[in-house]
Amino acid sequence: MLIVNAKLVTWERENRILDDHAVYIEEDRIVEIGPQAELEETYHEAEVVDAAGQIVMPGNICAHTHFYGAYARGMAIPGNPPKDFPEILEKLWWPLDKALDEESVRASALVHLVDAIKHGTTTLFDHHASPNFIEGSLDVIADAVDESGLRSVLCYEVTDRDGGQKAHQGIQENVDFIQKAAGGEVAGGRVRATFGLHASLTLSDETLSMCRQAQPEGAGFHIHVAEHEADEYDSQYKSGMRVVDRLNAFGILGPRTIVAHGVHIDFVEARLLAESGTWLTHQPRSNMNNGVGVAQIENLMRLGVNVCLGNDGFTQDMWTEWKTAYLLHKVWHTDPRRMNGLDIVQMGVYNNAALAGVFYPDMQLGRLVEGAAADLIFVDYHPFTPLTAGNLPWHIIFGFNESMVTSTMVAGKFLMRDRELLTLDEAAIAAEALALAPDVWSRYEAFAS
Ligand SMILES: [Zn+2]
């Protein structure tokens, strides 16, 4: 396949924008990028895709999300509104995850996958919980991802909050799925796995050490860290250590481990993350919504922590997360110079791509270069001021929006072309999810009261 008449954004380390260039794709990879006239001659028999002047760039990557949260949309929380994050967990998320069964886990995943394809997010790190449907839950999500054509790294959130038996089941679900995915054959290699842990505050020492012992060789962990002060106080009460120190003591940190949030970590914890090569993900929309504070992202990056960008299960449009991060740190510090657009790109593009590379070592993701995976999006953006490789971050922050994504390709296959979804039936998925909603919500209400 030869993509012509595009403005190519490569997201190489020194970003380039290429006009009058074409991209030749074979199977799931980008084979050649070069001047359009030359490639048209070389590949004159190839199927031609006319981008009609659109921007063609690598698909976005989301480093932390929760497909299972879909049914929270529009849902009323009974009683007084939660006053802080611990109450949000108790009144919203924990009763909701208990309400999920096999059908609603599938529906939750599918609605997020539709959203991701429509809005140009092609690789997603999911963090799943459904305590009344644990065994096989990751297979159900993997099947949905397979059907969608997207890439996803899956895990199950182990926790003690539903008792020892369910903690064991959670461990087993991670181990089984990690072993299954290790062959690189789940969803044709598009689905990979890591070991999920909910958060230090719902994990005992016994469970943490069981997880560490059960961890298959080479698998990392994916866990929430210090999203609220309560996580730090709980850890100090339980162990005399702060959260990151505690996780370090159990061998949880490392270059294959992802910690989400880190809003309340201290300097020593930050240094531990940097020294261990642990990935930290930033989800500003979620932090603002939960009123948990603002992670010291610029300081963490200066210290050498690899900070990535996730969305915590908000909409699957990563540029909205870019914009939120860009604005949040300015207002928090009352200083418009804070959180430079290049820092956003460092997180949202380069670090997310490097993280994806840990789980997909056999391919390059997040870059439009020869040999990379053909995971591309077409963006119908026509700048009215000069667009350069240097000022692209600000065109994205102030000009792009996700509805400009007209086509999404993963592994050389269009999942959406000219705004038509080709792998998933959005109307049918929404109708099925909607039909399940009354039962999900009524089970939620029963668990919530
Ligand atoms: Zn999360």
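This report walks through a zinc site, some salt bridges, a bent helix and one buried arginine in a predicted model.

**The zinc site**

Let's start with the metal. Four protein donors hold the zinc ion: His64, His66 and His224, each through NE2, plus Asp312 through OD. They lie 2.0 to 2.2 Å from the ion. If you're thinking of setting up this site, look at the angles: they run from 91 to 164° among the four donor atoms, and the geometry is classed as irregular. A tetrahedral label would need every angle to lie between 85 and 135 degrees, so the 164° end of the range rules that label out. Along the chain, the donors follow the spacing H-x1-H-x157-H-x87-D. Two of these residues come with accessibility values: His64 is buried at 0% relative accessible area, and His66 is buried as well, at 8%.

**Salt bridges**

The structure holds 25 salt bridges. Here are three of them, with their N to O distances.

| Pair | Distance (N to O) |
|---|---|
| Arg417 and Glu47 | 3.9 Å |
| Arg242 and Glu232 | 3.4 Å |
| Asp335 and Arg337 | 3.0 Å |

What does the bridge between Arg417 and Glu47 tie together? Arg417 sits in strand S17 (residues 413-417), while Glu47 is in the loop between helix H1 (36-42) and strand S4 (48-50), so the pair joins parts that are 370 residues apart in sequence. Both partners are partly exposed: Arg417 has a relative accessible area of 29%, and Glu47 comes in at 45%.

The bridge between Arg242 and Glu232 has its two side chains 3.4 Å apart, N to O. Its partners are 10 residues apart, with Glu232 in helix H7 (229-239) and Arg242 in the loop between H7 and helix H8 (243-249). Glu232 is buried, at 3% relative accessibility. This pair also belongs to a network of salt bridges that links Glu232, Arg242, Asp266 and Glu269.

Asp335 and Arg337 make a mixed pair. Asp335 is buried at 15% relative accessible area, whereas Arg337 is exposed at 72%.

**A bent helix**

Now for helix H15, which covers residues 426-448. Where does H15 bend? The bend is at Ala437, by about 40°, and a proline, Pro438, follows within four residues. At the N-terminal end, Asp425 acts as a cap, with a side-chain oxygen 3.3 Å from the backbone nitrogen of Ala427.

The buried residues of H15 are Ile429, Ala433, Leu436, Ala437, Val440 and Tyr444, so the bend residue Ala437 is itself under 20% relative accessible area. For reading that list, it helps that an α-helix has 3.6 residues a turn, so residues three or four places apart point the same way. The cover over the buried residues of H15 includes helix H2 (85-98) and helix H3 (102-118).

**A buried arginine**

Last up is Arg190, in the loop between helix H5 (164-182) and strand S9 (191-193). Is Arg190 buried or exposed? Arg190 is buried, with a relative accessible area of 13%. Leaving aside residues up to four places away in sequence, Arg190 touches Val145, Asp146, Gly149, Leu150, Arg151 and Ser152, along with Tyr360, Val410 and Ala411.

Notes. Residues are numbered from 1 along each chain as its sequence is written. This is a predicted model: local features need pLDDT of at least 70, side-chain atom pairs count only at pLDDT 80 or more; totals for chains, interfaces and linings use all residues. Side-chain values use heavy atoms; hydrogens and water are left out. A salt bridge is a side-chain nitrogen of Lys or Arg within 4 Å of a carboxyl oxygen of Asp or Glu. Helices (H or I, at least four residues) and strands (E, at least two) are DSSP runs, numbered from the N terminus. Buried means under 20% relative accessible area, exposed over 50%, partly exposed in between (1.4 Å probe, protein chains only). The bend at a residue is the angle between axes fitted to the seven residues ending there and the seven starting there. Contact means heavy atoms within 4.5 Å. A polar contact is a pair of N or O atoms within 3.5 Å; within protein, one must be able to donate a hydrogen and the other to accept it, and residues adjacent in sequence count only if both atoms are side-chain atoms. Donors are N, O and S atoms within 2.8 Å of the metal (3.2 Å for Na, K and Ca); water is not among the atoms, so sites may look incomplete. Four donors count as tetrahedral if all angles lie between 85 and 135 degrees; four count as square planar and six as octahedral if opposite donors are over 155 degrees apart and all others between 65 and 115; anything else is irregular.
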